[in-house]
Amino acid sequence: MTENKPKIVCFSCKFGWGYLTDEAILSKQIENWVPIICTGKIDTTHIMTAFKQGADGVLILACPEGDCHYQDGNFEAKKRVHLLGELLKSMGIEKGRIRIEFGTDPEGKRIPQIIKEMSQDLAKLGSSKTSTLAAKKPAKEMIKVKGGK
Amino acid sequence: MAKPKVAICWLGSCGGCDEAIVDINEILLSVAGAVDLVLWPVALDYKYDSVKAMKHGELALSIINGHVRNSEQKEIAELLREKSQIVLAFGACACFGGTPGLANLITKEDIFNWVYKNAPTVVNPKGNVPKTSTRLDGHDLTLPEIYEQVSALNGVIDVDYYLPGCPPPPHLIIAAISAVLENKLPPKGSTLAPHRALCDSCKRNKTKPERMAITDIKRIHEVEASPDTCFLAQGILCLGPATRDGCGESCININIPCRGCFGPVEGVVDSGAKYISALASILDVQTDADMNRITDQIADLAGYLYRFSLPTSILKKKRG
């Protein structure tokens with residue numbers, strides 16, 4: 001692991017991408033991997049919190065389109081990611097920092113490949129520290145408050 | 001027994017919050033009888049030096065409105081914090097940064113360039129811009145330093161209570177002041193307003209269909225909005241689902257959708273992010289083209305979602 005490696009937080013649906021693969025092996029390969037019961041459960045605040053805590057990108061692995069175990073959770077996630085991407089764009093943050101992939105990975109091979117691709121894309125964008133400017137620092141630090149509690 | 005001393009002060013403010021206090025009408029007279037108003041720049045003669053001469057904690061309450069963008073505002077906020085037992089952030093600007101907080105979408109440099117150089121109405125051949133100090137005729141003149149970003153009051157001092165709104169409505173102002181005088185305050189850090197979302201009390205709520213499905217987003221001036229129907233059901237963005245209740249629905253009552261001046265509901269940090277989740281779930285779109293079309297219909301998404309709360313949002317950012 002080098003210092004410059006982009007930090008990716010990966011949320012994955014336990015049905016589509018999780019239960020067929022060996023989570024123990026995958027979780028060693030993928031740092032910050034958060035298996036979740038359905039991508040429809042992912043709130044935009046979870047994604048934004050990941051960025052706040054230093055993620056350079058957020059990857060969401062959802063079930064194949066039209067094939068959600070809970071009817072349409074992946075579709076809900078898709079709409080959220082799209083809107084959140086638009087919000088990031090209007091705040092001057094690259095949309096490419098959020099990515100949603102639909103499919104399954106019974107062999108556990110595709111996930112590392114996607115992570116690798118996304119890492120390469122994020123490396124081109126640089127750290128989210130530079131693109132999110134003040135996001136990492138509370139306003140107190142930004143304006144260099146001396147004695148304020 | 002001496003009456004408790006109270007300060008009411010504005011920082012980066014339009015004056016609307018002070019006017020809202022005056023709007024409690026004759027109750028203000030009984031408040032003035034119950035407390036000793038020692039500082040209220042908009043209404044009374046005052047000297048900051050008289051506050052500086054006070055002991056720590058001598059002020060029972062400081063009601064502070066407005067955002068913080070310069071060193072003078074920060075200095076006043078710190079002075080009042082030092083002298084006060086309780087600090088109440090009053091109004092959307094003090095609580096979340098307010099509308100002026102939208103300036104955080106661009107840099108101070110961009111703002112200065114526009115205001116002092118590039119705006120078509122500016123005539124400034126020498127390219128003068130405000131400086132923190134300058135020497136003129138043998139005198140040193142100083143101005144407060146303008147900071148890079150707007151911050152809410154809790155960005156510079158410790159805040160005990162919050163009363164949001166643009167401006168806060170009279171009934172909540174009265175309730176807040178009464179709570180202080182009667183020592184019936186909730187735990188420190190509380191917002192002195194209802195915990196639920198505006199939709200919970202909105203009388204239009206019952207008009208919304210069981211399953212909301214928006215195929216187009218319209219702006220309020222583009223349509224003749226029904227005065228009784230849920231705005232979202234009409235395809236008009238209303239921030240009610242992600243905004244704290246308590247305003248008295250003053251916008252809804254004049255057929256204007258909620259803009260979010262009461263900030264996030266209890267337990268939520270970032271109302272804009274929450275609203276994205278809510279909005280996404282009611283969009284009835286099938287294809288990517290549909291999705292793109294509907295997002296193109298939203299003019300200035302960040303500005304709309306964070307009209308009053310950008311400085312306290314999770315993602316604060318210079319617009320690229």
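1. Some vocabulary to start: angles under 35 degrees count as roughly parallel, over 145 as roughly antiparallel, 65 to 115 as roughly perpendicular and the rest as oblique. Keep in mind that this is a predicted model, where local features need pLDDT of at least 70, side-chain atom pairs count only at pLDDT 80 or more, and totals for chains, interfaces and linings use all residues. Residues are numbered from 1 along each chain as its sequence is written, while chains are lettered from A and ligands numbered from 1 in the order in which they are written.

2. Chain A has 7 helices and 4 strands (DSSP runs numbered from the N terminus: helices are H or I with at least four residues, strands are E with at least two). Along the sequence they come as β-α-α-β-α-β-α-β-α-α-α. Of its 149 residues, 46% are buried (20 or more other C-beta atoms within 10 Å of the residue's own, with C-beta atoms placed from the backbone).

3. Now over to α8(B), which has 12 residues and reaches 17 Å from its first C-alpha to its last, close to the 16 Å expected (1.5 Å times one less than the number of residues). It's largely enclosed by the rest of the structure, because 9 of the 12 residues are buried. Among them are Tyr275(B), Ile276(B) and Leu279(B). The buried residues pack against α3 and α4 of chain A, together with α10 (301–305) of chain B.

4. Take the α3(A) side: α3(A) and α8(B) pack at about 140°, axes 8 Å apart (axes are lines fitted to C-alpha atoms, for helices over the stretch in contact, and angles run from 0 to 180 degrees between N-to-C directions). The two helices are therefore oblique to each other. Thr44(A), Thr45(A) and Met48(A) meet Ala273(B), Lys274(B), Ile276(B) and Ser277(B) (contact means C-beta atoms, placed from the backbone, within 7 Å). That contact splits into 3 nonpolar, 3 polar and 1 charged (Ala, Val, Leu, Ile, Met, Phe, Trp, Tyr, Cys and Pro are nonpolar, Asp, Glu, Lys and Arg charged, the others, Gly among them, polar).

5. On the α4(A) side, helix α4 (residues 73–90) of chain A packs with α8(B) at about 130°, again with axes 8 Å apart. This pair is therefore oblique too. From α4(A), residues including Leu83(A), Leu84(A) and Leu87(A) take part, and the α8(B) residues they meet include Ile276(B) and Ser277(B). The residues of this contact divide into 6 nonpolar, 2 polar and 3 charged.

Definitions and conventions
Two residues are in contact if their C-beta atoms, placed from the backbone, lie within 7 Å.
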